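Me: I've got this one open on my screen and want to talk through its charged side chains. Can you walk me through them?

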Amino acid sequence: MNTSFTPAEARHAVDLLASRSLIRLVTEIDDNGAIPPRRLASTLPDLSTHQLRSASDTARTHGLVRVAPGAGLELTDSGMELADLYDALARWARRHSVPAVVCEFSSRIRHVLGLLAPSLTPGSADRPAPLPDAHPISAEAEADLARVRTLLIHWLASNPQVARAESERAA
């Protein structure tokens with residue numbers, strides 16, 4: 001797939017998707033169902049009020065969650081697909097012990113998104129790049145990473161508002 005983004009769009013999309021609070025919100029709803037607004041803080045106690053508000057506002061703005069009457073915040077179709085993407089990213093990272101054999105779920109996702117970010121822009125498509133502090137990955141891991149990259153690009157192509165939001169505000 002040859003879809004590519006400007007460096008600003010790729011950076012914005014990766015920054016948004018790599019937000020620890022957004023990862024926590026999306027995966028919590030995916031794992032356990034809708035969260036009533038008054039239960040958000042007790043459901044995700046490791047996030048500050050500001051982080052919770054920012055994550056829920058961001059998720060609503062980008063069409064990842066909606067408020068369901070009587071249920072609370074629930075995932076939209078795009079949000080469910082993002083949860084599946086997060087799972088695929090984390091599975092790749094766990095399988096290849098990246099960034100470490102043992103680490104937090106959101107850290108795995110953030111690391112893989114960091115590996116994939118450079119390959120989203122023209123001139124570097126199809127070439128995931130190692131992070132400055134990362135060890136080189138095996139040929140098998142790189143092939144698996146290309147498959148995960150395809151999933152990311154498909155998701156971004158289906159949800160252009162995530163990559164395009166920053167450039168639209170600048171225009």
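**Charges on the chain**

Reply: Sure, starting with Glu104: it counts as partly exposed, at 37% relative accessibility. Keep in mind that this is a predicted model.

Me: Which residue does Glu104 form a salt bridge with?

Reply: Its partner is Arg20, and the closest N and O atoms are 3.3 Å apart. Glu104 sits in the loop between H5 and helix H6 (105–116) while Arg20 is in helix H2, so the pair ties together parts that are 84 residues apart in sequence.

Me: And is Arg20 buried or exposed?

Reply: In between: Arg20 is partly exposed, with a relative accessible area of 24%. The cut-off for buried is under 20%, so Arg20 doesn't count as buried.

Me: OK, what about Arg24, which residue does that one pair with?

Reply: Arg24 forms a salt bridge with Asp46, with 2.8 Å between the closest N and O atoms. That pair also links distant parts of the chain, 22 residues apart: Arg24 is in helix H2 and Asp46 is in the loop between helix H3 (40–43) and helix H4 (49–61). Asp46 is partly exposed, at 36% relative accessible area.

Me: Where do Asp57 and Arg60 lie?

Reply: Both are in helix H4, three residues apart, which is about one turn of the helix. They form a salt bridge too, the closest N and O atoms being 3.0 Å apart. Asp57 is partly exposed at 34% relative accessibility, and Arg60 is partly exposed at 38%.

Me: Which residues do shared partners join into one network?

Reply: Arg20, Arg24, Asp46 and Glu104 are joined into one network by salt bridges that share partners.

Me: How many salt bridges does the count come to?

Reply: Nine salt bridges.

Me: Why would such side chains pair up at all?

Reply: Side chains of opposite charge can pair when their charged atoms come close.

Me: Switching topic: which residues form the negative surface patch?

Reply: Asp30, Asp31, Asp77, Glu81 and Asp84. The elements giving two or more residues to that patch are helix H2 (20–32) and helix H5 (77–95).

Me: Which element gives the largest share?

Reply: H5, with three residues of the negative patch. Glu81 is found in that helix, H5.

Me: How exposed is Glu81, then?

Reply: Glu81 is partly exposed, with a relative accessible area of 40%. Patch residues need over 30% relative accessible area, so Glu81 clears that cut-off.

How values were computed:
Residues are numbered from 1 along each chain as its sequence is written. This is a predicted model: local features need pLDDT of at least 70, side-chain atom pairs count only at pLDDT 80 or more; totals for chains, interfaces and linings use all residues. Side-chain values use heavy atoms; hydrogens and water are left out. Patches are made of residues with over 30% relative accessible area and no salt bridge: like charges are joined within 9 Å, nonpolar side chains (Val, Leu, Ile, Met, Phe, Trp, Tyr) within 5 Å. Accessible areas come from the Shrake-Rupley method with a 1.4 Å probe; for residues, only the protein chains shown count as cover. A salt bridge is a side-chain nitrogen of Lys or Arg within 4 Å of a carboxyl oxygen of Asp or Glu. Lys and Arg count as positive and Asp and Glu as negative; His and the chain ends are not counted. The place of a charge is taken as NZ of Lys, CZ of Arg, CG of Asp or CD of Glu. Helices (H or I, at least four residues) and strands (E, at least two) are DSSP runs, numbered from the N terminus. Buried means under 20% relative accessible area, exposed over 50%, partly exposed in between (1.4 Å probe, protein chains only).
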